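The following exercises are to be worked with the sequence and the three-dimensional structure at hand. Each task is followed by a solution in steps.

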Amino acid sequence: MITLALSKGRIFEETLPLLAAAGIEVLEDPEKSRKLILTTNQPDLRVVLVRATDVPTYVQYGGADLGVTGKDTLIEHGAQGLYQPLDLCIAQCRVSVAVRADFDYALAVKQGSRLKVATKYTEIARNFFASKGVHVDMIKLYGSMELAPLTGLADAIVDLVSTGNTLKANHLVEVERIMDISSHLVVNQAALKLKQVPLRRLIDVFARATQAKA
Ligand code: ATP
Ligand code: PRP
Ligand code: MG
């Protein structure tokens, strides 16, 4: 049995067509059922639904043989025990710095001010500001980052941006693009040795589907 870890929402939805290209279908709809283990039309393949941030943990410790996860999540988690064979080019977005429209970010940086930064992405933010030589007070959040500058919790946020609609709706402006993000296939390194044939076959399925889309 091969276990594939996915998170509900965009990762699940954008992974389905890649599987479908090889005739693989998930037989249950996670939006209609409370089940966390989903069967597929392949007797030796099942899907487990986990929180997006838990996908690397499941795969690292072998709770799943492979999974689909955002590069952002992967960088924050670290790559220990994970083989990363493929960029699936799905769930594309970027990690950016955003501030209130009335906050002069360029001036703050130029003057060497300490910056209060709220983010779920402390690892990415720490590395980015360190590379710029900007001192930061990091405030770890788990969601609704956009609220932080509006309430005075922080001067800036580091968060995902795609269309920019969320920033706009909260009167924030993007002042730096840190990196482009997409979702990657991650595979448990031990499983890859023990279940080499079926896992290589599945990696190949993803590779072909990704190439076909490009
Ligand atoms: P968590 O379980 O940690 O709260 P989440 O519920 O925010 O995570 P998703 O929103 O499904 O999970 O995000 C999963 C991945 O999809 C992210 O790690 C990122 O790589 C990508 N992603 C997030 N937001 C967007 C977006 N607006 N557009 C495109 N891709 C996105
Ligand atoms: C993500 C992310 C941003 C938003 C950016 O939120 O955390 O808030 O998308 O996308 P945009 O630039 O197109 O507006 P998501 O939709 O995943 O909601 P969440 O807060 O439940 O994670
Ligand atoms: Mg989200």
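Helices (H or I, at least four residues) and strands (E, at least two) are DSSP runs, numbered from the N terminus. The model is a predicted one, in which local features need pLDDT of at least 70, side-chain atom pairs count only at pLDDT 80 or more, and totals for chains, interfaces and linings use all residues. Residues are numbered from 1 along each chain as its sequence is written, while chains are lettered from A and ligands numbered from 1 in the order in which they are written.

**Exercise 1. Two residues of one strand**

Task: Locate I90 and C89, and determine how exposed each of them is.

Solution. Step 1: I90 is placed in strand 5, and C89 also lies in strand 5.

Step 2: A residue is buried if 20 or more other C-beta atoms lie within 10 Å of its own, exposed if 12 or fewer, and partly exposed in between, with C-beta atoms placed from the backbone. I90 has 19 other C-beta atoms within 10 Å and is therefore partly exposed. C89 has 15 within 10 Å, so C89 is partly exposed.

Step 3: Contact requires C-beta atoms, placed from the backbone, within 7 Å of each other. Leaving aside neighbours within four places in sequence, I90 is in contact with E14, T15, S182 and S183. I90 and L36, by comparison, are 54 residues apart in sequence and 22 Å apart in space, C-alpha to C-alpha.

**Exercise 2. Backbone angles**

Task: Examine the phi angles of C89 and H171.

Solution. Step 1: Most residues other than glycine have a negative phi.

Step 2: C89, although not a glycine, has a positive phi of about 60°. H171 is not a glycine either, and its phi is positive at about 55°.

Step 3: H171 is placed in the loop between helix 7 and strand 9. H171 counts as exposed because it has 12 C-beta neighbours inside 10 Å.

**Exercise 3. The sides of helix 1**

Task: Which residues of helix 1 are buried, and what covers them?

Solution. Step 1: The buried residues of helix 1 are I11, T15, L18 and L19. They lie on the same side of helix 1 because they cover an arc of only 95° around the axis, the arc being that of the directions from the helix axis to the C-beta atoms.

Step 2: P17 and A20 are exposed on the other side of helix 1.

Step 3: The cover over the buried residues of helix 1 includes strand 1, strand 4, strand 5, strand 9 and helix 9.

**Exercise 4. The nonpolar cores**

Task: Describe the largest nonpolar core and the elements that contribute to it.

Solution. Step 1: A nonpolar core is a set of buried Ala, Val, Leu, Ile, Met, Phe, Trp, Tyr and Cys residues joined through C-beta atoms within 7 Å. The largest has 27 residues, and those with the most contacts inside it are A5, L6, V55, V59, L66 and L185.

Step 2: Among the elements that give two or more residues to this core are strand 1 (2–6), helix 1 (10–20), strand 4 (66–70), strand 9 (172–188) and helix 9 (196–213). Strand 5 gives the most, with 4 residues.

Step 3: Apart from its neighbours within four places in sequence, L66 is in contact with L4, V59, L185, V186, V187, N188, L199 and L202.

Step 4: A second, separate core of 19 residues includes A154, I157, L172 and I181.

**Exercise 5. The ligand shells**

Task: Which residues come nearest to ligand 1, and which surround ligand 2?

Solution. Step 1: A residue is near a molecule if its C-beta atom, placed from the backbone, lies within 6 Å of it. Ligand 1 has 18 residues around it, of which A52, T53, G70, C93 and S162 come nearest. Strand 5 gives the most to this shell, with 3 residues.

Step 2: Ligand 2 is surrounded by G143, D159, L160, V161, S162, T163, G164, N165 and T166. Strand 8 (156–161) and helix 7 (165–169) are the elements that give two or more residues to this shell, and strand 8 gives the most, with 3 residues.

Step 3: Ala, Val, Leu, Ile, Met, Phe, Trp, Tyr, Cys and Pro count as nonpolar, Asp, Glu, Lys and Arg as charged, and the others, Gly among them, as polar. The shell around ligand 1 has 6 nonpolar, 9 polar and 3 charged residues; that around ligand 2 has 2 nonpolar, 6 polar and 1 charged.

Technical notes
Two residues are in contact if their C-beta atoms, placed from the backbone, lie within 7 Å.
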